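Visitor: Please give me a close look at a single part of this structure, and then follow the description outward from there.

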Amino acid sequence: MSTNATLPPMQYVDASGNLVGMNVDLGNEIARRLCLKARYVNVQFEAQIPGLRNRRWDMIDTGLYFTTDRARVMQLIPYSVGALAVITNSGNPHGLKSLKDLSGAVVGVELGGIEERRAREISADLTKSGSKPSDIRVFNSYSDAFQALAASQIDAVLAGSAIGNYYAKRGQFAVPLGQVMAPAPAALATSDPAIAAAVVEALASMAADGTYQRIINQYGMTTIDKWDGYRGKIQYFYTP
Amino acid sequence: MNWSWHSFWDFLSSPYLLRGAWTTVWLTVAATAIGLLVGSAAALMKMAGNPLLRGVASFYVWLWRATPLLVQLMILYTGLPQIGIRLTVVECALIGFGLNEAAYLAEVIRAGIRSVDRGQVEAAKALGMNYAKTMRIVVLPQAARVIVPPLGNQFNGMLKISSLASVITMQELLRSAQQLAQLEFRVLEAYVAAAIYYIVLTTLWGEIQRRIEAALDRPFQVAASG
């Protein structure tokens, strides 16, 4: 499985060097139920979808957002709901109160994620309404983006709400805007429908005995049944 | 998955990639210009009689060549704000690449100056020329012929290593290609297009360097035939 361990509490490396987080717990449990042992490749997000398509790994387990575009090139298994958040330094020094305030603001995102596209849409909307667009800065990973935020090189980071809340709880950053877009589910992605079917089965058994709900809730995320695209059971999406 | 000529031509003719290439070019030219200026000063200081000047220049060249460029860029961009020095992305790139280039060019320039026979400097002195005049009329025209080939190497390397600027969010050629690759995951097409841009840029530079070398050689050829 590929993961980008730069994003606490979803997937990150702890002080003793172990890979931990919600997606790691989830991946380990899925592998265990398939009588396998999970092996993780820690690689930046940008390389993950091409790597899956080239069979460098069997599954992406890094909180990839579900989109219909992506469901055309790989099997997607939505498993939890989260929104995007605008994250700033503590005390919200630029006084961001709505998306309009992102006009002229320097906004950091990770290369290739849905956040980058969303940031460009927000900026395009600002231009359309006659305001100055945002200055979007693209980083190799979210850890680089948050470092730049801490150094005040950028004004805000657009990232998942759970990540913002995690940092806010630790007093590192603030989350002035917590729900920037309609909840997009996070999904696992696989290279082969047979693998997708096996993973869905493992997730269904985890949901049946409560393991799935426990892992998702423990990290402040929401289970997939709250997604408006949910069709009564965990399933994979693939429409090439 | 197969090769798509359509995507490839799209990428190759994309104004987005062209803008990225332009950033790569101006960053390389600016960093080399800064490198030449600072590097010349450091080279002359390293060869000066004054031990303080020599010490400062030697320390600078040592420190910059002892640390990776990537670390220097991260210190400039995300480290220094911690102590109240906040530089823009462009300032970080110019200072980072310029000073790093200067440390290497200082050694290239020093080698060029040393290649000129000491007897010529003494002869110039005997003719009553001061230091500046000796450098300008006697030493530098000869040293330049020695300096240009390794300087060309540095410029060629800088064209490619400038891709490191993407880590401080500079929208240069490689970063632009990475973003195009994300659109439909036409990764091979995007990177091959970027590689072609790099090949064109380094080849163009090779031609420019050849002409500079020819121009510097001309006075010496006249002297030989006369």
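Guide: Take Val157(A) in strand S11 of chain A: Gly108(A) has this residue as its bridge partner. The model is a predicted one, in which local features need pLDDT of at least 70 and side-chain atom pairs count only at pLDDT 80 or more, while totals for chains, interfaces and linings use all residues; side-chain values use heavy atoms, with hydrogens and water left out. Residues are numbered from 1 along each chain as its sequence is written, and chains are lettered from A and ligands numbered from 1 in the order in which they are written.

Val157(A) is also the bridge partner of Ile87(A). The two partners reflect two pairings of S11(A). Strand S9 (residues 106-110) of chain A is joined to S11(A) by two bridges, and these strands run parallel. Strand S8 (residues 84-89) of chain A pairs with S11(A) over four bridges, in the antiparallel sense. Strands here are DSSP runs of E with at least two residues, helices are runs of H or I with at least four, and both are numbered from the N terminus. Two strands pair if DSSP finds at least two bridges between them. Strands of a sheet pair through backbone hydrogen bonds, either parallel or antiparallel.

How many of the five residues of S11(A) are buried? Five of the five are, so the strand, residues 156-160, is largely enclosed by the rest of the structure. Buried means under 20% relative accessible area, exposed means over 50%, and partly exposed lies in between, with a 1.4 Å probe and protein chains only.

Another sheet in chain A is open and has three strands in the order S2-S3-S4, with antiparallel pairing. Strand S2 (6-7) and strand S4 (19-20) stand at its edges, each with a single partner strand, so one side of each is left without a neighbour in the sheet. S2(A) is joined to strand S3 (residues 11-13) by two bridges, and Leu7(A) has Gln11(A) as its bridge partner in S3(A).

Helix H1 (residues 22-33) of chain A holds Arg33(A) and Glu29(A), which are four residues apart and so separated by about one helical turn. Their side chains meet in a salt bridge, at 2.8 Å from N to O. A salt bridge is a side-chain nitrogen of Lys or Arg within 4 Å of a carboxyl oxygen of Asp or Glu. Glu29(A) is buried at 13% relative accessible area, while Arg33(A) is partly exposed at 24%. Both residues belong to a network of salt bridges that also links Arg32(A) and Asp209(A).

Helix H3 (residues 114-128) of chain A has a pair with the spacing of four residues, Arg120(A) and Glu116(A), about one helical turn apart. The salt bridge between their side chains is 3.1 Å, N to O. Arg120(A) is partly exposed at 34%, and Glu116(A) is buried at 8%. H3(A) also contains Glu121(A) and Arg118(A), three residues apart, which form a salt bridge with the closest N and O atoms 3.5 Å apart. Glu121(A) has a relative accessible area of 36% and Arg118(A) one of 25%, so both count as partly exposed. An α-helix has 3.6 residues a turn, so residues three or four places apart point the same way. Over all chains, the structure has 17 salt bridges.

Further along chain A, Ser191(A) lies in the loop between strand S13 (184-190) and helix H6 (193-208). Ser191(A) is buried, at 14% relative accessibility.

Chain B has nine helices and zero strands. Its C-alpha trace spans about 75 × 55 × 20 Å along the principal axes, and 42% of its 226 residues are buried. Helix H7 (residues 131-161) of chain B spans only 36 Å between its end C-alpha atoms, where a straight helix of 31 residues would span 45 Å. That expected span is 1.5 Å times one less than the number of residues. H7(B) bends by about 50° at Val139(B), and Pro141(B) follows within four residues. The bend at a residue is the angle between axes fitted to the seven residues ending there and the seven starting there.
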